[in-house]
Amino acid sequence: MPTLIKNANEVITLKGNGQGPRTKEAMKEIGIIENGSVLVNQDRIVAIGTLEELQKEYPELIADSEVIDATGKVVMPGLVDCHTHLVHGGTRENEFNMRLNGSTYMEIMNAGGGIHSTTRSTRQASFEELYEKTYNHLNEFLKYGITTVEAKSGYGLDWENEKKQLEVAKKLQETHAVDIVSTFMGAHAVPAEYKGREDEFVEIVINEMLPKVAEEQLAEFNDVFCEKGVFTPEQSRRILEAGKQYGLTPKIHADEIEPYEGAEMAAEVGAISAEHLLVASDEGIQRMAEAGTIAVLLPGTAFFLRAPFARGRLMVDEGVPVAISTDFNPGSSPTISLPFIMNLACMNMGLTLEEVLTATTMNAACAINRGDQIGSLEEGKKADILVLNVANYKQLQYYYGMNHTHLVMKNGRVVVKDGVLQ
């Protein structure tokens, strides 16, 4: 049955010229239609405009439609969370307390905590335990209006457990309403058993893990944590270039804790995105702008680690396409509230209200190579749509720390209404 979402105060279409990521002033062009309506048939958007326009052009379809009254509300595309570590075992609240008492992220990691702690928990967890835990997390994502999530592996650090993470994500893609896009991140850390033999582990990632990921079609992207004490720029480059040989598009955790030329490398290897970038250099930012590499910024991580925020304002002004994500993970950003993350980007990175909308819809979609399907309300795109309990888009960040989601439509089907999963 067709569906008509009618008479919204504002329909935020995010429609632009082309399906690529937006930069500079284009990030502020969010395509507002006042007193707007959206017509959906099956899983696709048919048309957007005023009710009068749609009734004139599609009278028969509208006559057969189920009607959702959006009077007094805002309608916009479903949010896209383009950087998460979705599938993992355990929690790390004790490390949060340690940081509050003065320990640094890298001190905790080098003492066997951090990623190593979650690796132990993930290895111990069964497929069924990880599946159930992640399914419940995805339910919460939906309630916040997040309809597509990128999921990185990287808490197995051996083939058996990396595969387990990726297979959980693959199964959830089949069974849960949220769309999941998988990234292989076997190079998230050097496992404890390979300490002092880092190059040997790099060879295992390149020669054993990457071919199997490609052969079993478990991921689209290949990510690496390029950081002092983790993987060197040369090791990272080798892993990313090897992934390209197997059809895996490069991503990179870059310049998070110390400047390490990660942004520069992202541009050099043709990465679709560089992520974190808290301490990216001016030169790295410029190279990313020239290459069109998307900066996936993660203000929740800076907030939770009490670290300097990435220079989002400078990146936008320099022409880097910017996306914003939660970085949902158990250690440095244990939140699924992308609306709160958007507020952090406004308050601590200098992004405007319009820019964070673009950064969490169209640009986020492009960061996972989905810009032709989601990220904006346009004819022919997937009907991933939010109806929000605010009178205009400015109130989304003005009323901060709140969930404004009234209704979530995923692939043309209502999956959340009044905060309740349908």
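1. A salt bridge is a side-chain nitrogen of Lys or Arg lying within 4 Å of a carboxyl oxygen of Asp or Glu. In this predicted model, the side chains of E355 and R313 satisfy that rule, with N and O 2.8 Å apart. The pair joins distant parts of the chain: E355 belongs to helix α15 (residues 353-359) and R313 to helix α13 (residues 312-318), 42 residues apart. E355 is buried, at 0% relative accessibility, whereas R313 is partly exposed, with a relative accessible area of 23%.

2. A second bridge connects R370 and E220, whose closest N and O atoms are 2.5 Å apart. This pair also links distant parts of the chain, the two residues being 150 residues apart. R370 is in the loop between α16 (362-367) and β14 (385-388), and E220 is in the loop between α8 (198-215) and β9 (221-226). R370 counts as partly exposed, with a relative accessible area of 22%. E220 is likewise partly exposed, at 31% relative accessibility.

3. The side chains of E95 and R92 form another salt bridge, at 3.0 Å from N to O. Is this pair buried or exposed? E95 has a relative accessible area of 8%, so E95 is buried. R92, at 6% relative accessibility, is buried as well. The student may recall that buried means under 20% relative accessible area.

4. How many salt bridges are there by this rule? The count comes to 27. Some residues are joined in a network of such bridges: E150, K152, D223, K251 and E275.

5. The UniProt record, an unreviewed entry, places the feature "binding site" at Y155, N329 and G331. Why may these positions be said to gather at one spot? They span 177 residues in sequence, yet no two of their C-alpha atoms are more than 11.6 Å apart, so they gather at one spot.

6. Two of these annotated positions deserve a closer description. Y155 is in the loop between β7 (146-152) and α7 (159-175), and its relative accessibility of 2% makes Y155 buried. G331 is in the loop between β13 (322-324) and α14 (338-349), and G331 is buried too, with a relative accessible area of 2%. Leaving aside residues up to four places away in sequence, G331 touches R92, R99 and F304. R92 is thus named twice in this note, as a contact of G331 and as the salt-bridge partner of E95.

7. The cysteines call for a brief remark. The count of disulfides comes to 0, a disulfide being a pair of cysteine sulfur atoms within 2.5 Å. The cysteine sulfur closest to that of C346 is in C82, 16 Å away, which is too far for a bond. C366 is in no disulfide either, the nearest cysteine sulfur, that of C82, being 10 Å away. C346 is buried at 15% relative accessibility, and C366 is buried at 8%.

8. On the surface, Y398, Y399 and M402 form a nonpolar patch with about 350 Å² of accessible area together. Y399 is in the loop between α17 (395-398) and β15 (405-410). At 37% relative accessibility, Y399 counts as partly exposed.

9. Finally, E241 is in helix α9 (residues 233-245) and is partly exposed, at 29% relative accessibility. E241 and V269 are 28 residues apart in sequence, while their C-alpha atoms are 7.0 Å apart in space.

Note on methods: Residues are numbered from 1 along each chain as its sequence is written. This is a predicted model: local features need pLDDT of at least 70, side-chain atom pairs count only at pLDDT 80 or more; totals for chains, interfaces and linings use all residues. Side-chain values use heavy atoms; hydrogens and water are left out. Patches are made of residues with over 30% relative accessible area and no salt bridge: like charges are joined within 9 Å, nonpolar side chains (Val, Leu, Ile, Met, Phe, Trp, Tyr) within 5 Å. Accessible areas come from the Shrake-Rupley method with a 1.4 Å probe; for residues, only the protein chains shown count as cover. Helices (H or I, at least four residues) and strands (E, at least two) are DSSP runs, numbered from the N terminus. Buried means under 20% relative accessible area, exposed over 50%, partly exposed in between (1.4 Å probe, protein chains only). UniProt positions are given in the numbering used here, feature names are shortened, and annotations may be inferred rather than shown by experiment. Contact means heavy atoms within 4.5 Å.
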